[in-house]
Amino acid sequence: MRRTNSHARRPKQTDRKRNRSEWSIGIYAGNSPFKLSSQPEIINPVLSREDVSDVTAAFVADPFMLRCDRRWHMFFEVMNTRRDKGEIGLAVSPNGLKWQYRQIVLKEPYHLSYPYVFKWRNGYYMIPETLQSGGVRLYKANPFPVKWSFVRTLIKGQCADPSIFYSRNRWWLFACTTPYRHDALRLYFADHLLGPWFEHPRNPIVEGNHRIARPGGRVLVLKGKVVRFAQDCHPSYGRRVRAFEILRLTPTEYRERELSESPILRPSGRGWNASGMHTVDAHLTGRGRWLACVDGLTCD
């Protein structure tokens, strides 16, 4: 979620105070990561600001999760009302359906959100959105999941919702570089996680389109098929999530097409996600079943 005049989510927080809107987190499931829905055994939202026990929270949003030691761990933005900044919270679950809030695990002098967590070799890493720091910052857990240490800045500049993935023997990273307009997407690549990182020569790969530019969750790599998710910010920020298959991905070429199932998330018109949905993190759990953490906006 964006904050302060150097963070793109400030307009939405202003709207939140005026309209008494609130983001919270739910769990969706399905037989495909592109056909997800709420299920009878899940009571959504599974996490809201009322669940946060160590700070006073205005909302929770931007969920990402990993399974480790037979337990699910979810990381998400907690908007700390006292500091007026986002911090990264942790919740845990034995089955991915019922969640228990634990604690804040990462905070900085500036706003944090979109805690994109991933495992690489024997380590657990996180790339949160850190616009106010002026770069894309990499953190490593030691120990997982409660302590996170800064490793290095990978890319300089204001990059909203940086989304990293590994495919075709390279690291790739999407980021929206117009965090207030949500209308330009840039792609970066590196041979190694720590870099050096390079801009793709086709940048910006999306320009002047606030319906498909801003990343909206974990990039999926499925047996060679790569799918990115995008926030549709029309007519306002964070309305729905769209999906795009990447057809050509090399250090010199890029091509994509929107999936027929897109948009895969949209507001329900009532309840906890009545007005918007903008983040999805889907995981294959076995027997072809997918489990995803998502977020939703309700307005009173």
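A polar contact is a pair of N or O atoms within 3.5 Å, where, within protein, one atom must be able to donate a hydrogen and the other to accept it. With that in hand, a good place to start in this predicted model is His-278. The side chains of His-278 and Asp-295 are joined by such a contact, at 3.0 Å. The side chain of His-278 also makes a polar contact with the side chain of Tyr-237, here at 3.4 Å. His-278 itself sits in the loop between β20 (254-258) and β21 (280-286). Is this histidine buried or exposed? With a relative accessible area of 0%, His-278 is buried, because a residue counts as buried when that value is under 20%.

Stepping back to the whole chain, one helix and 22 strands are found. Of its 300 residues, 60% count as buried. The radius of gyration is 17 Å, which agrees with the value near 19 Å that a compact globule with 300 residues would have. Along the principal axes, the C-alpha trace spans about 45 × 45 × 40 Å. Among contacts with a separation of 6 or more, 51% are between residues 24 or more positions apart.

The surface and the charges can be described in a similar way. The accessible surface of the chain comes to about 12,900 Å², and carbon and sulfur atoms account for 44% of it. The chain carries 48 positive and 27 negative charges, and the mean positions of the two sets are 3 Å apart.

Several details of the backbone deserve a look, beginning with the loop between β9 (135-141) and β10 (148-156), where Pro-143 lies. Asn-142 and Pro-143 are linked by a cis peptide bond, with omega at about 0 degrees. Pro-145 lies in the loop between β9 and β10 as well, and the peptide bond that leads to Pro-145 from Phe-144 is cis, with omega near 5 degrees.

Two arginines draw attention through their phi angles. Arg-121 is not a glycine, yet it has a positive phi of about 55 degrees. This residue is in the loop between β7 (113-120) and β8 (123-129). Arg-121 is exposed, as its relative accessible area is 67%. Arg-287 likewise shows a positive phi, near 55 degrees, in a residue other than glycine. The loop between β21 and β22 (289-299) holds Arg-287, and this arginine is exposed, with a relative accessible area of 91%.

Note on methods. Residues numbered from 1 in each chain as written. Predicted model: local features only at pLDDT ≥ 70, side-chain atom pairs only at ≥ 80, totals over all residues. Heavy atoms only, no water. Helix = DSSP H or I, 4+ residues; strand = E, 2+ residues; numbered from the N terminus. Buried < 20%, exposed > 50% of the residue type's maximum accessible area, 1.4 Å probe, protein only. Rg over C-alpha atoms; globule rule 2.2 N^0.38 Å. Contact = heavy atoms within 4.5 Å. Areas by Shrake-Rupley, 256 points an atom, 1.4 Å probe, with all protein chains shown as cover. Lys, Arg positive; Asp, Glu negative; His and termini not counted. Charge placed at Lys NZ, Arg CZ, Asp CG, Glu CD.
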